[in-house]
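Trainee: Can we go through this model together, starting with the salt bridges and then the helices?
Mentor: Sure, let's pull it up.

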Amino acid sequence: GAPTQKHNNTCCNRSNFLLFSFFFLFNIIFIMNLWILLIIFLIIIAIVFVIAKIIVGSEGEYKLEEYKYINSEQKEESYSEGINKQEGSIYLSVIVPAYKEEERIGVMMEETLNYLKSRKNDDEDFTYEILIVDDGSTDNTSKVVFENYVLTEGSDTVRLLTLKKNVGKGGAVRRGMLCGRGEYLLMADADGATNFSDLENLEKKIKEIEKENNAVVCGSRAHIEANVERPWYRKIPSFVSNLIISQFCVKGIKDTQCGFKLFTRKTAHFLFMNMHIERWAFDAELLFLAQKTGIPISEAAVKWEEIDGSKLNVFSASFQMFKDFVRIGFLYRVGFWKIKQIDIL
């Protein structure tokens, strides 16, 4: 009887051990699964958060606005609808976005006016306007432009558009482009970094590629970039742009960010009415839209030099540009942003 009892106790102990081991392993597996589920849940939350951050802040469709102009003769404010729906009434509109540029804009304006006046003297059919878009500056940018150029040149030649609040470089350029009267519209930076006479290179190229009144030509610094001496921190946005743009937005364009671009009137209205990005990455969206819709794009070499006094915070701008480049590639492809036909002209 004793050996049998001992054997039964041994079997019972083994059964208890196996049962304990089973429940122990079950609990471990259960806990591990809980952790795995928690990790998966957190990953999903993170993905949703990132997508939300990408979508949130999209500027959306352009809304009609009224803009304040100053008439140089009567020195009174007048208002204009935000889109000039007429055919081009002059040859060239020069659109200059300006934010806190009271110290730098004078040099650019003198060079630009000297060139435009010289062409006018050589060709009486050459007509132009310069449209300065003060992007909600808190300094005396508007005052400097008005007193030194609107009053002396006339408000038909130099038009000052003062925005009530800062909307970003892309937003300022958009508002100027849609108010411009030119058959061709040139975007030019207020710092005068690009040699303005290189406009002729862009004109020659745009007339070579223009198709059904559509074309855009980018001023390109790619041929000189390797030889340009720039502080390392000023190269960050360019490095980020070139690395990401080709993956998410535009292929085949060496310099998408140069602030010297020429558009036909039809192309300008189509692109800027469809544009969503109003900060630094707006150039990439314009070119993305052009490539997507078959609008001819080309580049033309320009002379360019670094100008001190930029208001750009390269680190925050680089982050914002990265986010916007991803937004462009993602939101159009998933259909959140759509390309609409614009029937204005």
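Mentor: Ground rules first: "buried" means under 20% relative accessible area, "exposed" means over 50%, and "partly exposed" is in between (1.4 Å probe, protein chains only). Helices (H or I, at least four residues) and strands (E, at least two) are DSSP runs, numbered from the N terminus. This is a predicted model, where local features need pLDDT of at least 70, side-chain atom pairs count only at pLDDT 80 or more, and totals for chains, interfaces and linings use all residues. Residues are numbered from 1 along each chain as its sequence is written, and side-chain values use heavy atoms, with hydrogens and water left out.

Trainee: How many salt bridges does the count come to?
Mentor: Side chains of opposite charge can pair when their charged atoms come close. The rule here asks for a side-chain nitrogen of Lys or Arg within 4 Å of a carboxyl oxygen of Asp or Glu. By that rule, the count is 14.

Trainee: Which residue meets R159 in a salt bridge, side chain to side chain?
Mentor: R159 sits in strand β5 (residues 158-162) and its partner in strand β4 (residues 128-134), so the pair ties together parts that are 30 residues apart in sequence. R159 is buried at 12% relative accessible area, and the partner is buried too, at 0%. The N to O distance is 2.9 Å, and the partner is E129.

Trainee: Which residues are linked with E129 and R159 in a network of salt bridges?
Mentor: That pair doesn't stand alone, as the network has four members. The other two are D156 and R181.

Trainee: Is D189, the salt-bridge partner of K169, buried or partly exposed?
Mentor: K169 and D189 meet at 2.9 Å, N to O. K169 is in helix α4 (residues 169-179), while D189 is in the loop between β6 (182-187) and α5 (199-209), 20 residues away. K169 is buried, at 18%. D189 comes out at 22% relative accessibility, so it counts as partly exposed.

Trainee: How many residues of α4 are buried?
Mentor: The buried list includes K169, R174, R175 and C179. Helix α4 is mostly covered, with the buried count at 11 of 11.

Trainee: How far apart are the end C-alpha atoms of α9?
Mentor: The expected span of a helix is 1.5 Å times one less than its number of residues. Helix α9 (residues 282-293) has 12 residues, so it should span 16 Å. The distance in the model agrees with that, at 17 Å.
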